[in-house]
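Here is a friendly walk through a protein and the ligand it holds. Could you open the structure and keep it beside the text as you read?

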Amino acid sequence: MKNTLISSVRGMRDILPEQIGCWQQLEKTAADCFRRYGYGELRTPLVERLELFSRQLGENTDMVQKEMYRFVDRANGDEVALRPEATVSTVRALLADDRQRGGTVRVWYGGPMFRHERPQKGRYRQFHQLGAEALGSTDPALDTEQIIMLARLWRELDIGDQLRLSINNLGSSAERARYRDQLADYFNRHADRLDSDARKRINTNPLRILDSKDPDTMTVAASAPRLAETLSDESRRHVETVKEKLAAAGIEFEEDPMLVRGLDYYNLTVYEWALAGDTRRQNTVCGGGRYDGLAEKIGGRPFPGCGFALGMERIVDLMKPPPLAAADCFLAVTDGDHATADTADRVAENCRDEGLSVWRHIGGGNLARQLKKADSMGTALVIIVGKDECAGGYITIKRLADGAQQQINPAQAAATSKHLLQT
Ligand code: HAM
């Protein structure tokens, strides 16, 4: 019986060598950008205790209710989850590290996150984020610096003109709790005009109704009481300062009173970068904000902070793929005897010692076929190792661009290749 090929898990994708160029460019550019703002890299586990997420992200959020990859570790009965995001893990890790007491700490992270969402373009069950968190201060300068850092990242990736920034003020958690009641009251009075999803959320998470994409619900939401109207002067001042500093830095943004974000831990500043001119939810490429009460909810000391995460799949989609890097040399081997093969291996290793990349042909075939393969791969040089030539103590190096060809002693292969590549 023929076996059928086992497929990957739905919503989880391979990133192939042809696609990796943009990913590496994004990782490198971001790491360098974050470094220049004083962020150090933090790596946390992919698996955490379930309660870390269920309490902190909000019992009534979609993420906890429907999207979490959670399971019982059969070996010890522990309830664990694959991380759906990395902010709470970051705060947990920094609280556990006693050296972080006092002062501000800035960290960045990257890697896979897991959410059991309905897969579609730009939305996957395993996806990748790059994020940064700064803790230890309530100063709005920290929020602003992160947004300025992101604007720099977009500029350096050459995607800035495709993105727009939206900002909102969620107030303090007490203000939001009061507003939540007010909102639930309003939506209860208009429940008959809401879609079924929104109706379910009235008493659990009415703020999320504000960023519904259902047209009827949007109409009702447009006339709902505004959080901004209920905020204290102190809360107002924080986000006003952020906005003033952004304007001074020449960063354009729009205020969006409907922007609430999908996680419960936020207060004051929240923001999202989305594709300009596109309103679908999965076109948000980056989101973040302040979460001053999160550390205490995890059981730690007061440790206010703010941060963001960008969706790597969505950013990569906007980037121009860099040209594929072909190997420097194609090493053609025309005869299969041991001595020729040994010479070929030695030449390849010598070239690699000198930093050159060498595709050593394996698998036979005549010279014409091998040269055709070298041509299709786009290597700059071909090194030909044949039995008769080896016996005569030489090999051939050819530069494909102009046909320049030399016969040399195998020991000179690396130096000659380097010379041909540079001239
Ligand atoms: P988030 O908005 O849930 O925030 O995710 C951040 C970004 O991850 C989104 O804007 C999107 O680009 C990407 N993303 C989310 N879900 C998916 C998915 N299923 N497939 C592909 N991309 C996705 C957070 O995760 C917060 N931890 C951000 C943060 C950090 N806030 C403060 N600090």
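The tour below starts at the ligand and then moves on to the empty spaces and an aromatic pair.

Please keep in mind that this is a predicted model. Begin with the ligand, which is surrounded by 27 residues. Glu85, Thr87, Glu117, Tyr124 and Tyr266 are the closest of them. If you colour this shell by class, you will find 11 nonpolar, 9 polar and 7 charged residues.

Which strands supply at least two residues each to this shell? They are strand 6 (126–135), strand 10 (284–290) and strand 11 (305–311). Strand 10 gives the largest share, with 6 residues.

Now zoom in on some individual atoms. The side chain of glutamate 85 places an N or O atom 2.6 Å from a nitrogen atom of the ligand. The backbone takes part as well: a polar backbone atom of valine 285 sits 3.2 Å from a ligand oxygen atom, and a polar backbone atom of glycine 307 is 3.4 Å from a ligand nitrogen atom. How much of the ligand does the protein bury? Taken alone, the ligand exposes 660 Å², and 95% of that is buried by the protein.

Next, look for enclosed spaces. Searching the whole structure turns up 2 cavities of 30 Å³ or more. The largest has a volume of about 100 Å³. Its lining includes several arginines, among them Arg176, Arg180, Arg208 and Arg261, together with residues such as Leu170, Asn205, Val260 and Asp264. Tyr266 also lines this cavity, and you have already met Tyr266 among the residues closest to the ligand. Sorted by class, the lining of the largest cavity holds 5 nonpolar, 2 polar and 5 charged residues.

The second largest cavity has a volume of about 50 Å³. Arg13, Asp14, Ile15, Trp23, Gln126, His128 and Glu313 line it. By class, these are 2 nonpolar, 2 polar and 3 charged residues.

From cavities, turn to an open space. The second largest pocket has a volume of about 590 Å³. Of its 26 lining residues, Glu18, Gln19, Ile20, Gly21 and Cys22 are the closest to the pocket's centre. Helix 1 (20–36) and helix 11 (312–316) are the elements that give two or more residues to this lining. Which of the elements provides the largest share? That is helix 1, with 6 residues. The lining of this pocket comprises 15 nonpolar, 5 polar and 6 charged residues.

The last stop is the aromatic side chains. Across the whole structure, 7 aromatic pairs are found. One of them joins tyrosine 69 and phenylalanine 114 in an edge-to-face arrangement, with 6.5 Å from centre to centre and 80° between the planes. Why does this pair tie together parts that are 45 residues apart in sequence? Tyrosine 69 lies in the loop between helix 3 (62–67) and strand 3 (70–72), while phenylalanine 114 belongs to strand 5 (residues 105–114), so the pair links these parts of the chain.

To retrace the route, return to the ligand, with glutamate 85 at 2.6 Å from one of its nitrogen atoms, and then find Tyr266 once more in the lining of the largest cavity.

Note on methods:
Residues numbered from 1 in each chain as written. Predicted model: local features only at pLDDT ≥ 70, side-chain atom pairs only at ≥ 80, totals over all residues. Heavy atoms only, no water. Near = heavy atom within 4 Å. Polar contact = N/O pair within 3.5 Å; in protein donor to acceptor, adjacent residues only side chain to side chain. Areas by Shrake-Rupley, 256 points an atom, 1.4 Å probe, with all protein chains shown as cover. Helix = DSSP H or I, 4+ residues; strand = E, 2+ residues; numbered from the N terminus. Nonpolar A, V, L, I, M, F, W, Y, C, P; charged D, E, K, R; others polar. 1 Å grid on protein atoms, 1.4 Å probe; cavity = no way out; pocket = protein on both sides within 12 Å on 5 of 7 lines; lining within 4 Å. Points joined across faces, edges and corners; volume = space filled by probe spheres on them. Phe/Tyr/Trp six-rings, centres within 6.5 Å; stacked < 30°, edge-to-face > 60°.
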